[in-house]
Amino acid sequence: MRPSASGWLPDGALGSRFVYDENINASYLQAGYEKDRLKISAGLRLEHTHVHGDFGGNTQQKDSSFTTNYFHLFPTIALQYGLTSEHLFQFSYGRRITRPNYGDLNPFTYIFDDYTHEGGNTKLHPSFSDNIELGYVYRDWFQTVLFFSYTDDAIMKSYREQEERRIYVMPQNLSSYVQTGVRVHAANLSPASFWKVNLTAIGIYNNYGWTEQGQKMKNRMFTPILGCMNQFAFASVWSAELSANYNGRMAYGQATVHPVLEVNIGIQKKMFRNRCTVTLFAKDVFNTNYQKVDIRSPGVQAFVDERHNKRVLGIAFSWRFQKGSDTKESRRKKEIDETKRVNL
């Protein structure tokens, strides 16, 4: 709505109605083989997707309705070989699809402030990745994994300068995205009888490529990621946790994300024969988990520094009446994947 001499009138530049329909049909084929110390499983998924988006446009944006149909095959294979009872080797390959979030397809423009506008892109199409992992496990407590992933048409945010030094943010498909790295995890280390430690160390090398104003652009960087979880059991009814997570400077599409550190603590007590659990927790104790991003591309140089206070102090109470049944993993995973695409 906009004000006028006769009162409030509809503003055609701000209104929109976006309707999105998606239908996915798939068939699966899976096989397995096991002999002695060797296990092999393989699968193949054939998928057909029909998509229709309807955006009637407004006074500022033209009609962006679209319809797409596509078929794709997704093979997977996993091998596991136990050299001895203590040494296990693993290999896996899988092809995956990442569909655009629903909000990223909506072409309506959101106005955050005088210098930042953001909208969707109806021309987005899914990205496809080939993923390979080679792992080694020792006694179920130490694991190291080498991984490689190549993604076509990776979906990332793009940043373009408009009139009056305004930045317009819009998702687009980049030419390529290559990720390589190593992941090391040590679980259930016990420096003392009351103390258990889980350690994770990851080294990732991200390499993004895209074309901007006729120029081939690159954003590549090595990123360390460290995690430490400490669990303390003071008595049969008392326990505590102290965790810290660090993400180093990371390449993320056209943007570079600054390092982030977060420290969390919690203490828990069980009562009434372990039926009742009371937990007191504090999240981001030192208020170090904030967003700082640099964006540099031809004609654009922008910086984002958001320092919201994300520290949380809370208390949780739970009472277990009886043991329930677990939700099926496939159903839970599907619900989580769909929730991510809503990106509220």
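This report covers the salt bridges and one strand residue of a predicted model.

**Salt bridges**

The structure holds eight salt bridges. Three of them are tabulated here, with the N to O separation of each pair.

| Acidic residue | Basic residue | N to O distance |
|---|---|---|
| Glutamate 47 | Arginine 99 | 2.1 Å |
| Glutamate 133 | Arginine 183 | 3.7 Å |
| Glutamate 262 | Lysine 283 | 3.0 Å |

Glutamate 47 pairs with arginine 99. Glutamate 47 sits in strand β4 (residues 38–55), and arginine 99 in the loop between β6 (87–98) and α1 (102–105), so the bridge ties together parts 52 residues apart in sequence. Glutamate 47 is buried because its relative accessibility is 5%, under the 20% cut-off. Arginine 99 is buried too, at 16%. Shared partners join Arg45, Glu47 and Arg99 into one salt-bridge network.

Arginine 183 meets glutamate 133 through their side chains. The arginine lies in strand β13 (residues 176–192) and the glutamate in strand β9 (residues 127–138), so parts 50 residues apart in sequence are tied together. Arginine 183 is partly exposed at 26%. Glutamate 133 is partly exposed at 30%.

Glutamate 262 bridges to lysine 283. This pair links strand β19 (residues 260–271) to strand β20 (residues 276–283), with the two residues 21 apart. Glutamate 262 is buried at 11% relative accessible area, whereas lysine 283 is partly exposed at 40%.

**Valine 19**

Valine 19 belongs to strand β3 (residues 18–35). Its relative accessible area is 27%, which makes it partly exposed. Beyond its sequence neighbours up to four places away, valine 19 touches His52, Gly53 and Asp54. Valine 19 and aspartate 54 are 35 residues apart in sequence, yet their C-alpha atoms are 5.0 Å apart.

Notes. Residues are numbered from 1 along each chain as its sequence is written. This is a predicted model: local features need pLDDT of at least 70, side-chain atom pairs count only at pLDDT 80 or more; totals for chains, interfaces and linings use all residues. Side-chain values use heavy atoms; hydrogens and water are left out. Helices (H or I, at least four residues) and strands (E, at least two) are DSSP runs, numbered from the N terminus. Buried means under 20% relative accessible area, exposed over 50%, partly exposed in between (1.4 Å probe, protein chains only). Contact means heavy atoms within 4.5 Å. A salt bridge is a side-chain nitrogen of Lys or Arg within 4 Å of a carboxyl oxygen of Asp or Glu.
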